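User: Got a chain here that I'd like to go through with you. Can you walk me through it?

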Amino acid sequence: MPSRTSLGVSYDRNAPRRPVNLSLNTDLLAQVREVTPNLSATVETLLGDYLHSVRQQCEEEQRRLDGVIDAVNDLHARHGFLSDEFSTL
């Protein structure tokens, strides 16, 4: 059954689990263990939120690039490019 993180990233919570090795700061780990009963679930949620954030940044960057491309295409449609006069094609 798909589940969502706090930021809305959907993933299959029933997908098989795979152990991974992480190197974490011991002081940070000790403090986190004091406030969360399930470190794995907390890390999964944080990774899902991170993934959502990165995807949003990529989408925003693509929107900005699309805007630049549209502006250049508009400029070319209205005025052409200086290099068009010299093209041998």
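Analyst: We can take the fold, the surface, the pocket and the salt bridges in turn. Keep in mind that this is a predicted model.

User: Fold, then. How many helices and strands are in the chain?

Analyst: Two helices and two strands. Along the sequence they run β-β-α-α.

User: Where do they sit?

Analyst: Strand 1 covers residues 2-4. Strand 2 is 10-12. Helix 1 spans 26-35, and helix 2 takes in residues 39-79.

User: What percentage of the residues is buried?

Analyst: Buried residues account for 9% of the 89 in the chain.

User: Give me one of them.

Analyst: Val 9. Its relative accessible area is 6%, so Val 9 counts as buried, the cut-off being under 20%. Val 9 belongs to the loop between strand 1 and strand 2.

User: How far is Val 9 from Leu 47, C-alpha to C-alpha?

Analyst: The separation is 9.7 Å. Along the chain, Val 9 and Leu 47 are 38 residues apart.

User: And contacts over the whole chain? What share joins residues at least 24 apart?

Analyst: 41%, taken among contacts between residues at least 6 apart in sequence.

User: Surface next. How much area does the chain expose?

Analyst: About 8000 Å². Carbon and sulfur atoms supply 57% of that area.

User: Which residues make the nonpolar surface patch?

Analyst: Val 68, Val 72, Leu 75 and Phe 81. The patch is about 320 Å².

User: Take Val 72. Where is that one found?

Analyst: In helix 2. Val 72 is partly exposed, at 38% relative accessible area. Patch residues need over 30%, so Val 72 clears that cut-off.

User: Phe 81 caught my eye. What about His 76, which residues is it in contact with?

Analyst: Phe 81 and Asp 84, leaving aside neighbours within four places in sequence. His 76 lies in helix 2. With a relative accessible area of 33%, His 76 is partly exposed.

User: Switching to pockets. What is the volume of the largest one?

Analyst: About 610 Å³. There are 20 lining residues, and the closest to the pocket centre are Arg 17, Arg 18, Val 20, Ser 40 and Glu 44.

User: Which element gives the largest share of that lining?

Analyst: Helix 2, with seven residues. Strand 2 also supplies at least two residues of the lining.

User: Now charges. How many salt bridges does the structure hold?

Analyst: Six. One of them joins the side chains of Arg 13 and Glu 44, at 3.7 Å from N to O.

User: Which parts does that pair tie together?

Analyst: Arg 13 is in the loop between strand 2 and helix 1, and Glu 44 is in helix 2, so the bridge ties together parts 31 residues apart in sequence.

User: Glu 44 again, from the pocket. How accessible are the two partners?

Analyst: Both are partly exposed. Arg 13 has a relative accessible area of 44%. Glu 44 comes in at 24%.

User: Any bridges inside helix 2 itself?

Analyst: Take Glu 60. Glu 60 forms a salt bridge with Arg 63, the closest N and O atoms being 3.0 Å apart. Arg 64 also bridges to Glu 60, with 3.6 Å between the closest N and O atoms.

User: Why can those pairs be said to sit about one helical turn apart?

Analyst: Because of their spacing in helix 2: Arg 63 is three residues from Glu 60, which puts about one helical turn between them. Arg 64 is four residues from Glu 60 in that helix, so this pair is also separated by about one helical turn.

User: Buried or exposed, or in between, for those three?

Analyst: In between. Glu 60 is partly exposed, with 31% relative accessible area. Arg 63 is partly exposed at 49%. Arg 64 is partly exposed at 46%.

User: Which residues are linked in the salt-bridge network?

Analyst: Glu 60, Glu 61, Arg 63 and Arg 64.

User: Sum up helix 2 for me.

Analyst: Helix 2 holds Val 72 of the nonpolar patch. It gives seven residues to the lining of the largest pocket. It also carries Glu 44, the partner of Arg 13. And the bridges from Glu 60 to Arg 63 and to Arg 64 lie within it.

Terms used
Residues numbered from 1 in each chain as written. Predicted model: local features only at pLDDT ≥ 70, side-chain atom pairs only at ≥ 80, totals over all residues. Heavy atoms only, no water. Buried < 20%, exposed > 50% of the residue type's maximum accessible area, 1.4 Å probe, protein only. Contact = heavy atoms within 4.5 Å. Areas by Shrake-Rupley, 256 points an atom, 1.4 Å probe, with all protein chains shown as cover. Patch = residues over 30% accessible without salt bridge, like charges linked within 9 Å, V, L, I, M, F, W, Y side chains within 5 Å. Salt bridge = Lys/Arg side-chain N within 4 Å of Asp/Glu carboxyl O. 1 Å grid on protein atoms, 1.4 Å probe; cavity = no way out; pocket = protein on both sides within 12 Å on 5 of 7 lines; lining within 4 Å. Points joined across faces, edges and corners; volume = space filled by probe spheres on them.
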